[in-house]
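I opened this entry to record what I looked up, going through the pockets, then the ligand, then an aromatic pair and the enclosed space.

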Amino acid sequence: MSSAAKELVELAGRKDLVVLGALAVIGAATEGLGVVLLVPLLILLSGETRFTQLPFELTQVPLAILLAIYVVLVAVRAGTEIARALLAQRVTVSIVDGLRRRALAALFGADWRFLSGQAQSRNRAMIVTSIDRVGEAVQYLTSLLRAGVTLVALAIAGLTLSPMFSLGMVLAGIAALALLRWLRRDARRIGEALVQRYEGIYRKLEEGLAALRLAKMHARGRREVDGTVLEFEAMRQVERRYILTTMAARSAIQIGAAVLLAIAVWFAIEGFSASSAILLAFVALAVRAIPLVESIQAAAQGWNHAAPSLEQSLALIGEAEKNAEPLQTGPVGTPRLRRSVELQNVRFVHSDGRIALMDVSLNIPRGQIAALTGPSGAGKSTVADLAAGLVSPDRGAVLIDGVPLERGARQAWRSRVAYVQQDAVLFSGSVRDNLRWAEPEADEHQICEALRRASADFVLDLPGGFDCRIGEAGRALSGGERQRIALARALLREPDLLILDEATSAVDPASEEKIAQAVAGLEGKCTVLVIGHRGGLAEMASRRFALENGCLLPS
Ligand code: ADP
C-alpha cells in the first residue's frame with residue numbers, strides 16, 4: 001500500500017472501512033439478485049414456454065412470492081444505501097478533519113527556523129482548499145468501490161443467465177475503461193495544474209489585500225482587481241478542461257455501449273433466436289451496467305484529479321513534521337532568569353545558507369535594559385529569536401544563568417519571555433480578550449495593572465473600557481494605542497525577559513514617550529532587550545550592543 005493510502009486508511013479507521021465495503025457488497029448483491037429475478041418474472045408474465053435452462057428453479061415459484069421477494073430486495077437495498085451514504089460521509093469527514101488537525105498541529109509544532117522560510121500562502125491553500133479536495137478524492141474512492149462491487153454482482157448475475165452474453169459485456173466494459181485510460185492520466189495533470197492555480201490565487205489575494213492602502217495610494221486598485229480576476233480565470237480554465245474530459249469519457253461510453261448493445265440485440269434475435277425473457281433481462285442489466293461503467297471512469301478521473309491535492313498536503317505536512325521542534329525529554333523545569341541571559345560565540349545560518357550572525361557574544365544581566373542597534377539586516381531580530389528560545393544557534397550557545405537552552409528547555413523558556421514587535425499583533429474582540437490571549441487566567445486587577453504599567457490606561461476611557469471592541473487586528477485604534485496594548489499584554493505575563501523589537505519605530509512621538517516611560521519603570525524588575533536602529537528607547541539602556549553584518553561591533 002502506498003504511504004498516502006496508508007495515511008487515508010489510518011485516518012478513516014479500519015472498522016468503518018470494512019463496514020463500508022460490506023454495505024457495498026450487500027447493496028450490490030440485492031441488485032444482482034433483482035436482475036436474476038427478472039427472468040422468471042418475465043416468463044410468468046409473458047407465458048413463454050420456449051426457454052433455455054436456468055441453473056435454478058425460480059420459474060416454479062408463484063408470482064406473488066416473486067413480487068414479494070422483489071419488494072424485499074428493493075427495501076434492503078434502500079436501507080443499505082442510507083447506511084452506506086451516512087458512513088461514507090463519516091469516513092470523509094474523519095479523513096478531512098483529521099488531516100486538517102494534523103496539518104495545523106504540524107505547522108504550529110514546527111521549528112521557527114523552518115516556518116520563517118515558508119510561503120504562508122502555500123500553507124493557507126493547503127489548509128483551506130487542498131484538504132477540502134482530499135474530501136472529494138475520498139468520495140470518488142467510495143463511489144469507485146460501490147460501482148466496482150455492483151458491476152461484479154451484475155456480472156455474476158449475467159453469468160447465471162447466459163455466460164456468453166455476460167462475458168461479452170464484461171470484455172466490452174474492460175475494453176472501454178482501458179481505451180479511456182489516457183483521459184484518467186489527463187485528469188491527474190489537470191489536478192496538478194489546479195493545485196498550482198489555487199496557490200497562485202492565495203498568493204495574489206494575500207499580497208493584494210495586505211497592500212490595499214498602498215494600491216489605493218498608487219492608484220493601482222484597478223490593476224490589482226484585474227490581476228486577481230486573471231488568477232481566478234486561469235483556475236476556471238483548468239476546471240473547464242476537466243469538465244470537458246469527464247464529459248468526453250461519458251459520451252464515449254454511452255455511444256460505444258449503444259452501438260454494442262444494438263449489435264448484440266440484433267445477433268440475439270436474428271442469429272440465435274434467444275429467449276425474449278433472457279434478452280429483456282440482459283437489456284435491463286446493460287441499462288444498469290452502462291452508467292456504472294461511466295461512474296467507474298468518472299470516479300477514477302475524479303480521484304486522479306483530486307489526488308495531487310492529497311499528495312501536496314501530505315508532502316507539506318510531512319515536511320513540517322520533519323522540522324518539528326525538539327520535544328522535552330525527561331523532567332526539565334522551566335528555566336528562570338536570576339543572573340543573566342547570554343549569547344556565547346553564536347553563529348546562525350538561515351535555511352537558504354545566508355549567514356545572519358557570526359560568533360556573536362553578549363551578556364545581559366538580570367533587571368537591566370539592554371539595547372541592540374544596527375542597520376536593517378544586521379541580524380538584530382535573529383538575536384531576539386535566539387534569546388527568546390525561538391531558534392537554536394548553529395554554533396555556540398544561548399545560556400540562561402549559565403545553563404545552555406537546549407531541546408525542550410528552549411520551549412519551556414519561551415513561557416518566561418514576552419515579545420513586542422514593530423507592527424502590534426492584535427486580534428478582533430475586546431481589549432480584555434487581547435490581553436487574556438497571553439494569560440487566560442488573568443483577573444481584572446492584573447489586567448488593570450498591566451495596562452497601567454504599559455501607559456495604556458487610555459483604555460479605561462474607551463466606551464466599555466476593557467470590553468471595548470477594537471475591530472479586526474485592532475484597526476479601531478491608532479498605531480501608538482495598539483502598541484501600548486501589545487506592551488500591556490506582554491507585561492501581563494510578568495516575563496523574565498521582555499523583548500521590544502523596533503517597538504516604537506512606527507509610532508508617534510507622544511506614544512513613544514509614553515512607551516519609554518513604561519519601559520523605564522521596568523528597570524530592576526524585568527530584563528529588557530530593546531532592538532532599534534538608534535535613538536528612542538535605546539537611549540535609556542544601561543548596556544548597548546551594536547551589530548553590523550551579523551558581527552558585534554566593539555563597544
Ligand atoms: P535585522 O533585524 O537587523 O533587520 P534580521 O535578523 O531580520 O536583521 O536578518 C538578518 C539577515 O538574515 C538579513 O540579511 C535577512 O535578509 C536574513 N534573513 C532573515 N530571515 C530570513 C529567512 N527566513 N531566510 C533567509 N534569510 C533571512
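**Pockets, ligand and cavity**

I began with the second largest pocket, for which I noted a volume of about 1,100 Å³, keeping in mind that this is a predicted model. I then looked up its lining and found 49 residues, of which F165, G168, M169, V170 and A172 lie nearest the centre of the pocket. Going through the elements, I listed α5, α6, α9 (221-271) and α10 as those that give two or more residues to this lining, and I marked α6 as the element that gives the most, with 14 residues. When I sorted the lining of the second largest pocket by class, I wrote down 39 nonpolar and 10 polar residues, and no charged ones.

I turned next to the largest pocket, whose volume I recorded as about 1,700 Å³. I found that 37 residues line the largest pocket, and that W112, Y419, Q421, V425 and W437 are the closest to its centre. Which elements each supply at least two residues of the lining of the largest pocket? I listed α3, α4 (112-115), α5, α11, β6 (417-420), α15 (479-492) and β7 (497-501), and I noted that the largest share, four residues, comes from β6. By class, I divided the lining of the largest pocket into 22 nonpolar, six polar and nine charged residues.

**The ligand**

I then went to the ligand and found 14 residues around it, the closest being R354, G377, K380, S381 and T382. Sorting this shell by class, I entered three nonpolar, eight polar and three charged residues, and I saw that helix α11 (residues 380-387) gives the most to the shell, with three residues.

For the polar contacts I wrote down three distances. I found a polar side-chain atom of H350 at 3.2 Å from a nitrogen atom of the ligand. I also found a backbone N or O atom of A378 at 3.1 Å from an oxygen atom of the ligand, and a polar backbone atom of G379 at 3.0 Å from an oxygen atom of the ligand. As for cover, I noted that the ligand has 570 Å² of accessible area on its own, and that the protein covers 72% of this area.

**Aromatic pairs**

I counted three aromatic pairs and looked at one of them in detail. The ring centres of F165 and F282 are 4.8 Å apart and the ring planes stand at 35 degrees, so I entered the pair as tilted. I noted too that this pair links distant parts of the chain, with F165 in helix α6 (residues 163-179) and F282 in helix α10 (residues 276-322), 117 residues apart. I had already met F165 above, among the residues nearest the centre of the second largest pocket.

**Enclosed space**

Last, I asked how many cavities of 30 Å³ or more a search of the whole structure finds. The search gave me one, and I recorded about 40 Å³ of space in the largest cavity. I listed L23, A24, G27, A28, R77, E81, R84, R146 and T150 as its lining. I found that α2 (14-46), α3 (63-109) and α5 (120-161) each supply at least two residues of this lining, and that α2 gives the most, with four residues. By class, I divided the lining of the largest cavity into three nonpolar, two polar and four charged residues.

Technical notes:
Residues are numbered from 1 along each chain as its sequence is written. This is a predicted model: local features need pLDDT of at least 70, side-chain atom pairs count only at pLDDT 80 or more; totals for chains, interfaces and linings use all residues. Side-chain values use heavy atoms; hydrogens and water are left out. On a 1 Å grid over the protein atoms alone, a cavity is a set of points where a 1.4 Å probe fits but cannot get out, and a pocket is an open set with protein on both sides within 12 Å along at least five of seven lines; lining residues have an atom within 4 Å of a point. Grid points are joined across faces, edges and corners, and a volume is the space filled by probe spheres set on the points. Ala, Val, Leu, Ile, Met, Phe, Trp, Tyr, Cys and Pro count as nonpolar, Asp, Glu, Lys and Arg as charged, and the others, Gly among them, as polar. A residue is near a molecule or strand if one of its heavy atoms lies within 4 Å of it. A polar contact is a pair of N or O atoms within 3.5 Å; within protein, one must be able to donate a hydrogen and the other to accept it, and residues adjacent in sequence count only if both atoms are side-chain atoms. Accessible areas come from the Shrake-Rupley method with a 1.4 Å probe; for residues, only the protein chains shown count as cover. Rings of Phe, Tyr and Trp (its six-membered ring) pair if their centres lie within 6.5 Å; planes under 30 degrees apart count as stacked, over 60 as edge-to-face and the rest as tilted.
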